[in-house]
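Got the viewer open and a selection box ready? Let's walk through this one stop at a time.

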Amino acid sequence: MAELVPFAVPTGSDKTLLVWELSSGPTAEALQHSLFTVFSHFGLLYSVRVFPNAAVAGPGFYAVIKFYSARDAHRAQKACNQKQLFQKSPVKIRLGTQHKAVQHNALALNSSRCQELANYYFGFNGWSKRIIKLQDLSDPEEETENEDMVAPLQRQSLKFFCALEVVLPSYECRSPGVGMAEEPLDNLEEGPLSLLMKRKKTQKLAIQKAMTDAFQKLQIVVLGKTFLILLKVLQFQ
């Protein structure tokens, strides 16, 4: 059965594992590392969070693990439930509880998460981005008769617009995206070096927003050990 993996924060209970009866010996950070090492063998993980047990449950920890793929979460649950894994006693694992009354709006992944997901399914060389336009829309320095009446903080900022494409050559398709970023300026404090760094930061943020927008038009279709890409984008001319 096919599964859709969007470039969005995973919210489904079928992508979430609850792990409990974790030993109280290691620290939460050590348990998080051990859990990540074990469960990343089953698929790409969005998050691994470790929490101390409630007082009534006794010493120890439990964890919440989120996968991007429900299929990967199911495989991990079946393979690891009631197994010792990295500790002397077995752990218990089940899929998250489904609350039908609660509906979650999918949140877009940030650009770094989008790239991580793309690298996992397409490979580092399986996709690329092509910047079409990176335009400076910053407030111009204009001399006017009323210049002294306009506060610099109110009229000056760095603003960049970016238009780009995420390109998947193997599928002969591309996904367009746009993004805009703005950074306020303080003329009384900004030196040349600080201004240059803020320009680069604002440019980078505009590119990241455009990449996130482009990836939102893509969905990965997982078919067993193979996958396709579902696109709502323009095809190569």
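Start by selecting Thr212 together with whatever it touches: leaving out residues up to four places away in sequence, that means Ala108, Leu109, Asn110, Ser111 and Cys114. Keep in mind that this is a predicted model. Thr212 sits in helix α5, and with a relative accessibility of 15% it counts as buried, because the cut-off for buried is under 20%. Now draw a distance from its side chain to the backbone nitrogen of Ser111: you should get 3.2 Å.

Next, select all of helix α5, residues 192-215. The helix lies across β6, β7 and β8, and its direction makes an angle of about 145° with β8.

Hide the helix for a moment and look at those strands. They form an open sheet of three strands in the order β6-β7-β8, paired antiparallel. Which strands stand at the edges? They are β6 (128-136) and β8 (173-184): each has a single partner strand, so one side of each has no neighbour in the sheet. Going from one strand to the next, the twist averages 20°.

Zoom in on β7, residues 157-168, and its pairing with β8: the two run antiparallel over 12 bridges. For a register check, pick Cys162, which is opposite Gly179 in β8. Then pick Ser157, also a β7 residue. Is Ser157 buried or exposed? It is buried, with a relative accessible area of 7%. Its side chain makes a polar contact with the side chain of Glu182, at 2.9 Å.

Bring the helix back and go for the hydrophobic part. The largest nonpolar core has 29 residues. To find the ones with the most contacts inside it, select Phe7, Leu109, Leu117, Phe122, Trp127, Phe215 and Ile220. Colouring by element helps here: α3 (111-122), β7, β8, α5 and β9 (218-223) each give two or more residues to this core, and α5 gives the most, with six. Now colour by domain instead, with domain 1 as 10-95 and domain 2 as 111-139 + 155-231. Both domains give residues to this core, so it lies between them.

Stay there and centre on Phe7. Setting aside neighbours within four places in sequence, its contacts include Ala108, Leu109, Cys114, Leu117 and Ala118. Phe122, Phe215, Gln216, Leu218 and Ile220 are on its contact list as well. A second, separate core has 20 residues, among them Val19, Leu45, Phe61 and Ala63.

Two backbone stops remain, and they're ones to look up on a Ramachandran plot. Most residues other than glycine have a negative phi. Select Glu21, in strand β2 (residues 16-22): its phi is positive, about 65°, though it isn't a glycine. Glu21 is partly exposed, at 39% relative accessible area. Then jump to Leu85, in the loop between α2 (70-80) and β5 (92-95). Leu85 also has a positive phi, about 55°, and counts as partly exposed at 31% relative accessibility.

Finally, zoom out to the whole chain. You'll have five helices and 10 strands on screen, and 37% of the 237 residues count as buried. If you make a contact map, look at pairs at least 6 apart in sequence: 68% of those contacts join residues at least 24 apart.

Note on methods: Residues are numbered from 1 along each chain as its sequence is written. This is a predicted model: local features need pLDDT of at least 70, side-chain atom pairs count only at pLDDT 80 or more; totals for chains, interfaces and linings use all residues. Side-chain values use heavy atoms; hydrogens and water are left out. Two strands pair if DSSP finds at least two bridges between them. Helices (H or I, at least four residues) and strands (E, at least two) are DSSP runs, numbered from the N terminus. Axes are lines fitted to C-alpha atoms, for helices over the stretch in contact, and angles run from 0 to 180 degrees between N-to-C directions. Contact means heavy atoms within 4.5 Å. A nonpolar core is a set of buried Ala, Val, Leu, Ile, Met, Phe, Trp, Tyr and Cys residues joined through side-chain atoms within 4.5 Å. Buried means under 20% relative accessible area, exposed over 50%, partly exposed in between (1.4 Å probe, protein chains only). Domain bounds come from an automatic or database domain assignment. A polar contact is a pair of N or O atoms within 3.5 Å; within protein, one must be able to donate a hydrogen and the other to accept it, and residues adjacent in sequence count only if both atoms are side-chain atoms.
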